[in-house]
Amino acid sequence: MGNYDVIIVGAGPAGISTVLHLQQIAPELASRTLVLEKARFPRNKLCGGGVTPDAERILNRLGLDVTEVPHVDLDWAHFLFEGKGVSFRFAENYAFRVIHREELDAWLVRKARERDLTILEETPVERIVPDGDRVDVVTPGGTYRARVVVGADGAHSVVRRAIPDHRRPPYACAMVLWASPRESSSHLPDVGYFDFFPISRGVPGYVWDFPILIGGERMRSWGIANFAIGPRESRRRMLSLLAEEMARHGYRLEDYRVYGESVPVFRPDGPFSAPHILLTGDAVGVEGVFGEGIGPALGQGAIAAKAIVRAFETGDFSFREYRAEVLRSKVGISVRRRTSLAPFLYSLRRPSLQRFLWWRCGRIAEWVVKTFLFGWTTWGEDRRAL
Ligand SMILES: Cc1cc2nc3c(=O)[nH]c(=O)nc-3n(C[C@H](O)[C@H](O)[C@H](O)COP(=O)(O)OP(=O)(O)OC[C@H]3O[C@@H](n4cnc5c(N)ncnc54)[C@H](O)[C@@H]3O)c2cc1C
């Protein structure tokens, strides 16, 4: 079906970021790059739609302005335990933006196409077969060959399966639904809410409620994240906790269709690469505190692009250093810190400890979150690593 220097599997934020960064630093290589995507855009993607200033800064550096996409700017993000806690913002004038993923991802693909990058939709990759100094990428329509294959194919990555000895990562799970706003809700229209009460009820995660614009209509994105999925029982518990919180705001869970998705959690010792193969975004894993994956996927695309360019310059396609490069990068440090913090946060099951954290030490929590976990695109003076 054709030979390419690089094939990127998946045209979500990780895949599009990789090809856009490749074009920025090695336009010739980008012109010999193919992106294969199983869906047709606009495609559905389960997501709360929270887009942080870090995500936005990465896009700005690529010359893209995400405010072109319909969005809601949150005045504040409230981090709560049982409805009480601390409010803060990740940017000067707003907490973060919320963008419907169907619209965000279709816009990203359109922008890449406007820059003459090649994206083939409705082309599911079935298998990756390393073959000497090439990799075969098998699709129902035929086999493509490339020197480098990037697995940007999300949580259930097919490319990841081609990495020998890959250990099965732990999985997180999130459930999401979209509802019309309720007058009876005490939640404010332009505020996002994260309530960590599920921790004290056996679910290490939180319930969220964000405003979102879907097809121009104001809706609420409701969901629950659980960073330790276990037996079926834990999913039932997630649904009942989500129902409980929604009921406090005048919603009946049974009136909505709830969608669920499991995602691998990022681990520094998880699979990252094999000769001629790299993983990025959810194929590596999502961070374990908030499950914020859009910004990290966009950031990791830059690291993947640099690694690919270096491989073509040096002729060394082992990608032996790739894991260390991701872990050393600013985005990698941020994701690693969050993943280290998660077991501590989610071990505080006693309500008194959660109350102490969010009610009494809210400002300290804000400082930790804003200083050590987010804002990584602005860390330090040098922009050596994104
Ligand atoms: C319910 C839920 C809520 C979330 N909320 C937020 C949030 O509010 N904010 C946030 O930052 N993150 C959130 N996340 C995480 C975020 O959605 C992901 O981290 C992010 O989408 C990762 O981007 P990606 O490009 O790696 O993967 P994806 O966005 O999943 O993109 C992968 C692409 O690969 C394609 N693909 C898959 N398999 C193949 C194949 N075999 N062949 C070809 N193409 C393939 C898919 O169709 C898709 O287009 C949430 C996740 C869930 C599940």
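This passage describes the surroundings of the ligand and the helix α1 in a predicted model.

The shell around the ligand comprises 35 residues, of which Glu-37, Gly-48, Gly-50, Val-125 and Asp-282 come nearest. By character, the residues of this shell divide into 16 nonpolar, 10 polar and nine charged.

Backbone atoms of several residues lie beside polar atoms of the ligand. A backbone N or O atom of Pro-13 is found 3.2 Å from an oxygen atom of the ligand, whereas a nitrogen atom of the ligand lies 3.5 Å from a backbone N or O atom of Gly-291. For Gly-293, a polar backbone atom is placed 3.0 Å from a nitrogen atom of the ligand. Taken alone, the ligand would expose 1000 Å², and the protein buries 93% of that area. Two or more residues are given to the shell around the ligand by each of the elements α1 (13-25), β16 (259-264) and α6 (294-314).

Of these elements, α1 was examined further. The 13 residues of α1 should span 18 Å at 1.5 Å a residue, and because the end C-alpha atoms of the helix are 18 Å apart, the model agrees with this expectation. The helix is mostly covered, with 10 of its 13 residues buried, and the buried residues are Pro-13, Ala-14, Gly-15, Ile-16, Ser-17, Thr-18, Val-19, Leu-20, His-21 and Leu-22. Pro-13 is thus a residue that is buried in α1 and that also has a backbone N or O atom 3.2 Å from an oxygen atom of the ligand.

Methods. Residues are numbered from 1 along each chain as its sequence is written. This is a predicted model: local features need pLDDT of at least 70, side-chain atom pairs count only at pLDDT 80 or more; totals for chains, interfaces and linings use all residues. Side-chain values use heavy atoms; hydrogens and water are left out. A residue is near a molecule or strand if one of its heavy atoms lies within 4 Å of it. A polar contact is a pair of N or O atoms within 3.5 Å; within protein, one must be able to donate a hydrogen and the other to accept it, and residues adjacent in sequence count only if both atoms are side-chain atoms. Accessible areas come from the Shrake-Rupley method with a 1.4 Å probe; for residues, only the protein chains shown count as cover. Helices (H or I, at least four residues) and strands (E, at least two) are DSSP runs, numbered from the N terminus. Ala, Val, Leu, Ile, Met, Phe, Trp, Tyr, Cys and Pro count as nonpolar, Asp, Glu, Lys and Arg as charged, and the others, Gly among them, as polar. The expected span of a helix is 1.5 Å times one less than its number of residues. Buried means under 20% relative accessible area, exposed over 50%, partly exposed in between (1.4 Å probe, protein chains only).
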